[in-house]
Structure formats: C-alpha cells, structure tokens
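Please look through the structure shown here, beginning with the bound ligand and moving on to the backbone around a few individual residues.

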Amino acid sequence: MEFKELGRSGVKIPVLGMGTWGIGGLSTRSEARDEEAIEALRLGLELGMRFVDTAEMYGRGHSEEVVAKAVRDEREDVFIATKVSAEHLSGDRVLKACASSLKRLQTSYIDLYQVHWPNPRIPISETMKAMERLVGEGRVRHIGVSNFSVQQTREAQEALSRTRLASNQVEYSLLNRSIENGLLSYCEKERITIIAYSPLAQGDISRTGRGERWRMLDQVASKYGRTRIQTALNWLIIKNPVVAIPKAGSLKHVRENVGGVGWKLSPEEEQALNQAFK
Ligand SMILES: NC(=O)c1ccc[n+]([C@@H]2O[C@H](COP(=O)([O-])OP(=O)(O)OC[C@H]3O[C@@H](n4cnc5c(N)ncnc54)[C@H](OP(=O)(O)O)[C@@H]3O)[C@@H](O)[C@H]2O)c1
C-alpha cells in the first residue's frame with residue numbers, strides 16, 4: 001500500500017480506503033449480507049486498505065456496526081472515518097451523534113469525524129466548536145467535511161480555532177470531474193486531503209463503454225496489464241491531495257480494486273485520459 005499525509009496532520013493514511021455505502025443497508029437497516037460484507041472488508045484490510053469510511057446514516061447506523069465487527073481485534077491498526085448527518089449539526093446533537101457512533105463502532109475514538117453535508121440553517125462555527133470539543137476529549141482525532149464547496153470549506157477551516165481541517169470528501173471520478181473547477185486546487189494549496197467518493201462512478205467505470213474515451217482507457221490499462229477500474233483509481237490517486245474509497249461487496253472486487261495502487265500512470269497518460277474524459 002502507499003500512504004499520503006492526511007491534511008497537515010503528520011498522520012499517514014492509505015491512498016485507497018474502503019467505502020461502505022450499501023453495507024448494512026442503504027437508508028434502512030439490513031442484516032441480510034453482513035457476513036459477506038465483513039469478509040470483503042477483512043480481505044481489504046489484509047491487502048492494505050486499512051482505512052474504512054462509513055456514516056451514521058448508512059443502514060441507519062448498521063454500517064458502523066458491521067465495520068466494528070470487521071475491525072475487531074485490530075482496531076488500533078485501522079483508520080476509521082465516519083460522518084455526522086446534516087440534521088445533527090447543532091452543538092449538542094454533534095456530541096450525541098458522536099457518542100452513538102462510538103457505541104456502534106465499539107471504539108473509544110474516531111480517527112476522522114466528517115460533517116456529511118453542509119446545513120445552511122446551522123452556523124458552521126457551532127458545529128466546529130462541538131467537533132473541537134470532541135478532539136479535546138480524545139473522542140475524535142481529526143476533523144473533516146464532505147460535500148463542501150470552496151467557500152464552505154474555507155468557512156469550516158476558519159471556524160476551527162485549535163486544529164486544522166483535515167479533509168473534504170467529495171464525488172470525484174473519471175466520469176465526474178466537477179471538483180476540478182476550483183475545489184481540487186484550493187484543497188491542494190491549503191493541504192486539505194480530498195477523499196474521492198464514488199471513485200468508480202458507482203460501478204459505471206466497469207459497465208459502460210464503447211467509443212473513443214473507453215478505447216483510450218483500455219489502451220492505457222492494457223499497457224500496464226491493468227483493468228479499467230484499476231486505471232481509473234490510479235488516475236485519481238496520482239493527484240497530490242487525493243485518496244479514494246471504492247466500495248466493494250465481493251472478494252473479487254476487493255482484489256481488483258487494490259490493484260489500483262503499486263504502479264503509476266505517466267503524466268502523458270494522465271493528460272490523455274483528461275482529454276478523453278473531458
Ligand atoms: N460523503 C458522501 O456524501 C458520499 C456519497 C457517496 C458515497 N460515499 C462514500 O464513498 C464510497 C464509495 O462510493 P460509492 O459506493 O457511491 O461508489 P463506488 O465506490 O464508485 O462504486 C461502488 C459500486 O461499484 C461496484 N464495484 C466495486 N468494485 C468493483 C469492481 N472491481 N468491478 C466492478 N464493480 C465494482 C460495487 O459493487 P459490489 O458492491 O457488488 O462490489 C458497487 O456497486 C461509499 O461506499 C461511501 O463510503 C460518500
């Protein structure tokens with residue numbers, strides 16, 4: 001595995017982590033595929049993707065419970081990121097939501113606690129004050145946001161008095177490059193890690209495809225003996241501030257995804273893909 005510094009924290013995290021949307025259910029709780037999910041997460045940990053992203057809202061909290069089971073016995077060696085929902089951003093609710101996440105995750109601390117979506121009805125200063133209190137109490141190690149624009153990211157950073165904003169988790173893939181219109185360069189300049197979600201465009205990278213852009217992707221992939229998925233992940237993580245969190249529910253997919261690291265597209269190939277997927 002390769003590692004990058006999380007923000008300016010001095011802490012290194014794997015460039016590929018594992019997403020968990022759909023594990024433990026979607027917007028409702030489901031235990032139907034827990035065993036399979038735990039097996040997939042454990043394989044990912046074994047292969048070096050020791051960074052798991054979840055959220056209090058995934059499966060109404062059950063995703064966090066599944067993550068807890070998957071990391072049992074090795075919690076200290078896994079970087080766990082979770083998220084507080086937009087409707088829980090008032091000070092007291094942040095504290096309550098964190099306590100519930102800690103309970104479900106069966107841990108005494110969260111490595112990265114992220115604001116899932118901005119909520120214009122609650123001042124970010126109130127949310128960040130509660131987040132910093134959690135850091136002071138040792139319940140949270142690092143603070144991040146998700147789905148924040150440049151302006152919102154700046155405001156979140158400015159609302160922190162004792163710590164720096166570590167990350168912004170946003171959608172980013174070959175098929176969705178909207179963060180290249182300012183957010184990516186802002187985060188690079190400020191040394192805020194971009195955690196790329198839906199890095200496989202929810203599987204579309206492997207599904208779609210004929211035409212020039214896909215031919216280009218296949219051509220580059222085959223030069224390295226890699227797949228489209230692995231090449232699309234590599235295209236993300238070769239960018240300075242970016243790490244990615246593909247979600248995989250099967251062992252086959254976990255094995256394929258981890259092959260996104262350990263090699264490197266050349267700048268020319270990156271450019272060619274930029275052009276093809278404009
Ligand atoms: N902050 C936010 O607002 C936000 C929003 C969306 C997502 N996220 C986070 O980001 C994570 C990743 O995003 P995502 O789940 O939306 O999408 P994704 O990772 O781009 O794609 C996941 C889909 O791709 C499939 N897949 C995985 N590996 C594959 C492979 N090697 N070959 C073919 N298909 C493959 C998965 O199927 P299987 O499950 O069958 O393997 C799943 O259907 C989420 O799980 C979540 O943790 C955050």
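**The ligand and its surroundings**

In this predicted model, a backbone N or O atom of Gly 249 is placed 2.8 Å from an oxygen atom of the ligand. The protein as a whole covers 86% of the 900 Å² of accessible area that the ligand has on its own. Two other residues offer polar atoms to the ligand in their own ways: Asn 147 does so through its side chain, where an N or O atom is 2.9 Å from a ligand oxygen atom, whereas Ala 201 does so through its backbone, with an N or O atom lying 3.3 Å from an oxygen atom of the ligand.

Around these contacts one can set the wider shell, which consists of 29 residues surrounding the ligand, the closest being Trp 21, Leu 200, Lys 247, Gly 249 and His 253. In chemical character, the residues of this shell divide into 11 nonpolar, 14 polar and 4 charged. Helix α10, which spans residues 251-258, provides the largest share of the shell, namely 3 residues. As for the space that the ligand takes, this is the largest pocket.

**Two residues with positive phi**

Attention now turns to the backbone. Most residues other than glycine have a negative phi. Against that background, Arg 60 stands out with a phi near 50°, a positive value in a residue other than glycine, and Gln 202 likewise has a positive phi, near 55°.

Where in the chain do Arg 60 and Gln 202 lie? Arg 60 belongs to the loop that runs between strand β3 (51-53) and helix α2 (62-71), while Gln 202 is found in the loop between β8 (193-197) and α7 (204-207). With a relative accessibility of 63%, Arg 60 counts as exposed because the cut-off for that class is over 50%. The relative accessible area of Gln 202 is 60%, and so Gln 202 is exposed by that cut-off as well.

**A buried residue in strand β3**

Strand β3, which precedes the loop of Arg 60, also contains Asp 53. Is Asp 53 buried or exposed? Its relative accessible area is 2%, and because a residue is classed as buried under 20%, Asp 53 is buried. Along the chain, Asp 53 and Thr 20 are 33 residues apart, yet in the folded model their C-alpha atoms are separated by 6.3 Å.

Notes: Residues numbered from 1 in each chain as written. Predicted model: local features only at pLDDT ≥ 70, side-chain atom pairs only at ≥ 80, totals over all residues. Heavy atoms only, no water. Near = heavy atom within 4 Å. Polar contact = N/O pair within 3.5 Å; in protein donor to acceptor, adjacent residues only side chain to side chain. Areas by Shrake-Rupley, 256 points an atom, 1.4 Å probe, with all protein chains shown as cover. 1 Å grid on protein atoms, 1.4 Å probe; cavity = no way out; pocket = protein on both sides within 12 Å on 5 of 7 lines; lining within 4 Å. Sits in = over half its atoms within 2 Å of the grid points. Helix = DSSP H or I, 4+ residues; strand = E, 2+ residues; numbered from the N terminus. Nonpolar A, V, L, I, M, F, W, Y, C, P; charged D, E, K, R; others polar. Buried < 20%, exposed > 50% of the residue type's maximum accessible area, 1.4 Å probe, protein only.
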